[in-house]
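User: Please go through the sheets of this model with me. I would like short answers with the criteria stated.

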Amino acid sequence: MVTGRIAETRPAIDAALVRRLVDKQFPRWADLPLGLLDPAGSDHVIYRLGDELSVRLPRHAGAIGQARKEYEWLPRLAPHLPLAIPVPVAVGEPDFGYSWPWAVSRWLDGEVATVEMLADSSQAAVELAEFLKALQQFAPGAIPAQDAGKDLTAWPLADRDRATLAAIEKVSGAFDAVAMTELWDAALSAPGWAGPPVWFHGDFHTGNLLTVDGRLSAVIDFGELGIGDPACDLTIAFTLMSAQSRDAFRAALGVDDATWLRGRGWALATGLNAYIAYAAFNPRVAAQTTRQITEALIG
């Protein structure tokens, strides 16, 4: 989930640095060409390496655990999921003045999913519900306790209370502050997750879905992968779907009222956070987060 770290100092990452890192640590790929993927996400700089690989380097300290987390868990999850997910190949070490672990993964073909393409598709909504059901059914209980460290911890929605209330006040000229406050209070007051802890993606929004020929093909960016309350993954219903496809998604997933309300709270909180952090200078994020906040208020 976007956490608004935009003001911090970020390392300089360019093709020369990536080339040096790859060539020294993985010389078998030294002859493969590098190409910058632009735009990439807010957490990583991404280069395509040859035809089959990608190199992802964290932009900020909040993303530095993702390379090792994905290397550890995604191979275990992948066989159980109905859509493709990244296949980690290697984890690179800090070097040449770059201070954090970085990742090499198999390249996944596809275009980022868009509202224009899929918002009204009940089929896509059901496919996303099936993906989440499969993810949740991979039992965390099978994982040794020593492997389920703090990197998989589910942070409660209430941890976002102060920041969300401040954000509501800050954007009150752009959105309905009364409606946002009512939704936020209701989400915090909703009964908590009553079931056993389950896997969640943690950053399940439009930008982390790929399509091929207009069909969903892959889910990417598992940096917020964790175990606990899956309500955070309902954010996709408000970033991508229309009212009709959202109904199909909810029915296929079998979401109860309390979980749905917490999911709306997650969508509001993360949408506000990203809006404040990025919308002023990124029209794409401004449009995406405006829709996310607006749809969360609709329900």
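Analyst: Two strands pair if DSSP finds at least two bridges between them. Helices (H or I, at least four residues) and strands (E, at least two) are DSSP runs, numbered from the N terminus. This is a predicted model, in which local features need pLDDT of at least 70, side-chain atom pairs count only at pLDDT 80 or more, and totals for chains, interfaces and linings use all residues. Residues are numbered from 1 along each chain as its sequence is written, and side-chain values use heavy atoms, with hydrogens and water left out.

User: What is the strand order in the open sheet of 5 strands?

Analyst: The pairing in this sheet is antiparallel. Strands S1 (34-37) and S4 (88-92) each have a single partner strand, so one side of each lacks a neighbour in the sheet. From one strand to the next the twist averages 25°, where axes are lines fitted to C-alpha atoms, for helices over the stretch in contact, and angles run from 0 to 180 degrees between N-to-C directions. The order is S1-S2-S3-S5-S4.

User: Which residue in S5 is the bridge partner of Val55?

Analyst: Strand S3 (residues 53-58) pairs with strand S5 (residues 102-106) in the antiparallel sense, over 4 bridges. Ser54 stands opposite Ser105 in S5. On the S4 side, S4 and S5 are also joined antiparallel by 4 bridges, and Ala90 has Val104 as its bridge partner in S5. For Val55, the partner in S5 is Val104.

User: Why is S5 largely enclosed by the rest of the structure?

Analyst: Buried means under 20% relative accessible area, exposed over 50%, and partly exposed in between (1.4 Å probe, protein chains only). S5 is largely enclosed because, of its 5 residues, the number buried is 4.

User: What angle does the direction of helix H2 make with that of S4?

Analyst: Helix H2 (residues 66-77) packs on the sheet and touches strand S2 (44-49), S3, S4 and S5; contact means heavy atoms within 4.5 Å. Its direction and that of S4 make an angle of about 155°.

User: Which helix packs on the sheet with the order S6-S8-S9?

Analyst: This open sheet of 3 strands has antiparallel pairing. Strand S6 (111-112) and strand S9 (215-219) are at the edges, so each has one side without a neighbour in the sheet. The helix spans residues 122-137, touches S8 and S9, and makes about 25° with the direction of S9; it is H4.
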